[in-house]
Amino acid sequence: MKISRYFPILEWGREYNSKTLTNDGVAAIIVTIMLIPQSLAYAMLAGLPPEIGLYASILPLIAYAVFGTSRTLAVGPVAVVSLMTLTAASAIAAPGSAEFISAALILALLSGLFLLLMGVLRLGFLANLLSHPVVSGFITASGIIIATSQLKSIFGIKASGAAMPELITSLLATIDTINMPTLIIGVTATAFLFWVRKGLKPLLVRFGLPARPAELIAKAGPIGAVAVSTIATIMLGLEAKGVKTVGSIPQSLPPFSVPLIDLELWQTLAVPALLLSIIGFVESVSVGQTLAAKRRQRIDPDQELIGLGASNLAAAFSGGYPVTGGFARSVVNFDAGAETPAAGAFTAVGIAIAALFLTPLLASLPIATLAATIIVAVLSLVDLKTPREIWRYSKPDFAAMAATIAITSLAGVEPGVISGVGLSLALFLWRSSRPHAAIVGRVPETEHFRNIHRHKVFTDPRILTIRIDESLTYLNARWLEEFVLEQVAEQQSVRHVILMCSAVNAIDASALESIEAVNHRLHDANISLHLSEVKGPVMDALKRSHFLDELSGQVHLSQNTAYSKLILLSDRDDALEENPDLWKARGLI
C-alpha cells in the first residue's frame, strides 16, 4: 500500500515548483482577505468569541493540506456547520460562556473522530444516505434560518431562537427597540455587499480591468465594508450611540487546548456531532468534486473523510470549532489559480499573521457589518429554482425536499437533518421495493426487445417476457413474485415465462427464494420459467445454489435466442396437440 494513499501531500509535493508556488501564494492572499471577515462572522453565528473563528482557520487548513485530496478545496468555518454548532452547544450552555466554548471544542473533537473512523473504514459511500433534494432542501432552510437570525444584529435588537417560529416571534417582540445607527450600518453594508456581488465586476471591466482580476476584487468586497464601517464607527463615535462592536480581540496564535473529558457530555453531543460530520462531509465532497471535474482531476471521498477528520481534530486542539470545506471560499481559491492544497497552508499563515498583528484594528468593527456579511453569504445558498425543477421531474423527490425544508424551518437544524436522513432512506426503500418491470416484445426486423406499451413490437401469446430493471433483493422479492403470478393469471395462453435479467446486478437470498417459489408455482401450472441475459456475477451466485437444477426452463445467453427458440418449441407443441399420431409415426415423440 502506498503511503501517499493516506498522505496525498507526498504525491503532489513531488511535482511542486516555483510556478505552482506563485499561483498558490496569490490564491492564498486573496482567500485570506476574504476569510478574515468570514471567520469573525461565522464565529459570531456559532455563538463564539470572534477570535475562535480565526483560530479555526489556521491549523485545520494545514491539516487538510497534508491529508486532503482536493487541490482547491478551502477548509474553515462555514455557515451551516456554524449554525449546527450553535444549536448543539446551546443545549449545554448559554452562547459565549466557557461551558459553551468547551462544548464547541468537544463537537470538533467528536466530529474529527467520527470522520477519521469512517475514513479508515472506507465509508465514504455513507454520504449517499442523503439524496440531493434532501441536502438542497436542508441547506435552503438553513440559509433562511441563518439570515433571519442575523436580523437582530442588523436592527440592533435582542432576539433568539433555533427555528423560524421562535425567531420571528422573538424579533417581533423587540422590534420597537431598533437602534437607528446600527440599522443604517446594517442596511448600508448589506446593500453594498449585494451590489459588490453583481455590480462591481462589470464596473471594473468597463474601466478597463481584465475580467479575472475584476472578479477577484469583487470577491474581496467584504473587506471594504469592514474597513469603511469600522472607520465610520470610530470617527462618528457610534459605540456611544448603541452600536455594538466586536470589541477587543486577543493578539495571539491559537492556544493549545484539550477538550473537556466528560463522558456524559460527550454522550450528549455524540449524535449532533455525527449529524454535523455527515452534513459537513456531504457539502465538502460536493464542492470538491465539482471543482476537481473542471480540471479533470479527482478526489477520493474516503481520504477526504480522513482529511476533514484531521482538520476537525486540529480545530479541537487549537481553540477552534467544527470546520469543513466552504463553497464560496473554494470557488475563490479555484478562480484565483490555486493548484495544490499548499494554498490552504499559505492562507493559514496569512490568518495567523492577522491574528497576531491586525486584531486591534478590528475592535471597533460593528457587529451589524458581520451580520450583513453572513446574510449575503447564506442567501446565495437559498435555492428556490431547484424545487420547481424537481416538482416537474419527480413528485416523490419534491415531497422529500419540501418536508425537509418545512421540518428544518419549523423545528430546527437537528430535527431537519434527522428527518432528511430518514426521508432519504424511506424514499430509497420505497423505490427499491417497487422496481420498474416491463412486459417486452421484439421490435420487428431486429433483435431488440422493448416495452409493449411504448413501442410497436411483436409478441406471442404463448410467451411472456418480463424485463426486470432492478437488482433483486429482500426489499422487492415479494413484489416480483406477485407481479409475475399476476401477469400469468391474466394471460391464460402463456406456456413460457422469460425473466429478462439484463439490468439485474445481484440476486440476494430472499429474492432467490421468491424466484424458486415462482418456478414451482409455474411448473405446477405446466408453465416453464426461463432466464435470459443473466450477468456473470449473478450466474456465478446461482450456480452455487440448487436453483438451476430445479429450473423448469433454461438459462439463455440472449433474449432473442430465448424468444426464437421458445417460439419454435411452442409451434412444435401446438402441432403435437393437433396430430399426435403423425409425430409418433415419425418417431419424434
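**Close-up views of a predicted model**

**View 1. Glu 533 in a loop with a positive phi.** Glu 533 is placed in the loop that runs between strand 7 (528-532) and helix 23 (536-543). The structure shown here, as in every view that follows, is a predicted model. The phi of Glu 533 is positive, at about 55°, although this residue is not a glycine. With a relative accessible area of 26%, Glu 533 is partly exposed.

**View 2. Glu 445, a second loop residue.** Glu 445 lies in the loop between strand 3 (437-442) and strand 4 (449-451), and it too is a residue other than glycine with a positive phi, here of about 65°. Its relative accessibility is 87%, and Glu 445 therefore counts as exposed.

**View 3. The surroundings of Gln 303.** Gln 303 belongs to helix 14 (residues 301-316), and because its relative accessibility is 0%, it counts as buried. The side chain of Gln 303 reaches the backbone oxygen of Phe 67 at a distance of 2.8 Å. When neighbours within four places in sequence are left aside, the residues in contact with Gln 303 are Arg 5, Tyr 6, Pro 8, Phe 67 and Thr 69, so that Phe 67 appears both in this set of contacts and as the partner whose backbone oxygen is reached by the side chain.

**View 4. A nonpolar patch on the surface.** Five residues, Val 349, Ile 353, Phe 357, Leu 358 and Leu 361, form a nonpolar patch on the surface, and together they have about 500 Å² of accessible area. Ile 353 is located in helix 16 (residues 342-357) and, with a relative accessibility of 45%, counts as partly exposed.

**View 5. Aromatic pairs.** Eight aromatic pairs are found in a search of the whole structure. In the pair of Trp 391 and Phe 398, the ring centres are 5.0 Å apart and the planes stand at 75°, so the arrangement is edge-to-face. Both rings belong to partly exposed residues, Trp 391 having a relative accessibility of 44% and Phe 398 one of 24%. The rings of Trp 479 and Phe 483 likewise have their centres 5.0 Å apart, but their planes are at 10°, and this pair is therefore stacked. Because Trp 479 and Phe 483 are four residues apart in helix 21 (residues 477-490), about one helical turn separates them. Trp 479 is partly exposed, with a relative accessible area of 22%, whereas Phe 483, at 16%, is buried. Elsewhere, Phe 449, Phe 458 and Tyr 563 form one aromatic cluster.

**View 6. Salt bridges in helix 21 and around Arg 462.** The search of the whole structure finds eight salt bridges. Within helix 21, Arg 478 and Glu 481 lie three residues apart, about one turn of the helix, and form a salt bridge whose closest N and O atoms are 3.1 Å apart. Arg 478 is exposed, with a relative accessible area of 54%, while Glu 481 is buried, with 5%. Salt bridges with shared partners also join Asp 460, Arg 462 and Asp 571 into one network. In this network, the closest N and O atoms of Arg 462 and Asp 460 are 2.7 Å apart, and both of these residues are buried. Between Asp 571 and Arg 462 the corresponding distance is 2.9 Å. This pair links distant parts of the chain, 109 residues apart, with Asp 571 in helix 25 (residues 559-578) and Arg 462 in the loop between strand 4 and strand 5 (463-468). Asp 571, at 39% relative accessibility, counts as partly exposed, whereas Arg 462, at 12%, counts as buried.

Note on methods
Residues are numbered from 1 along each chain as its sequence is written. This is a predicted model: local features need pLDDT of at least 70, side-chain atom pairs count only at pLDDT 80 or more; totals for chains, interfaces and linings use all residues. Side-chain values use heavy atoms; hydrogens and water are left out. Patches are made of residues with over 30% relative accessible area and no salt bridge: like charges are joined within 9 Å, nonpolar side chains (Val, Leu, Ile, Met, Phe, Trp, Tyr) within 5 Å. Accessible areas come from the Shrake-Rupley method with a 1.4 Å probe; for residues, only the protein chains shown count as cover. A salt bridge is a side-chain nitrogen of Lys or Arg within 4 Å of a carboxyl oxygen of Asp or Glu. Helices (H or I, at least four residues) and strands (E, at least two) are DSSP runs, numbered from the N terminus. Buried means under 20% relative accessible area, exposed over 50%, partly exposed in between (1.4 Å probe, protein chains only). A polar contact is a pair of N or O atoms within 3.5 Å; within protein, one must be able to donate a hydrogen and the other to accept it, and residues adjacent in sequence count only if both atoms are side-chain atoms. Contact means heavy atoms within 4.5 Å. Rings of Phe, Tyr and Trp (its six-membered ring) pair if their centres lie within 6.5 Å; planes under 30 degrees apart count as stacked, over 60 as edge-to-face and the rest as tilted.
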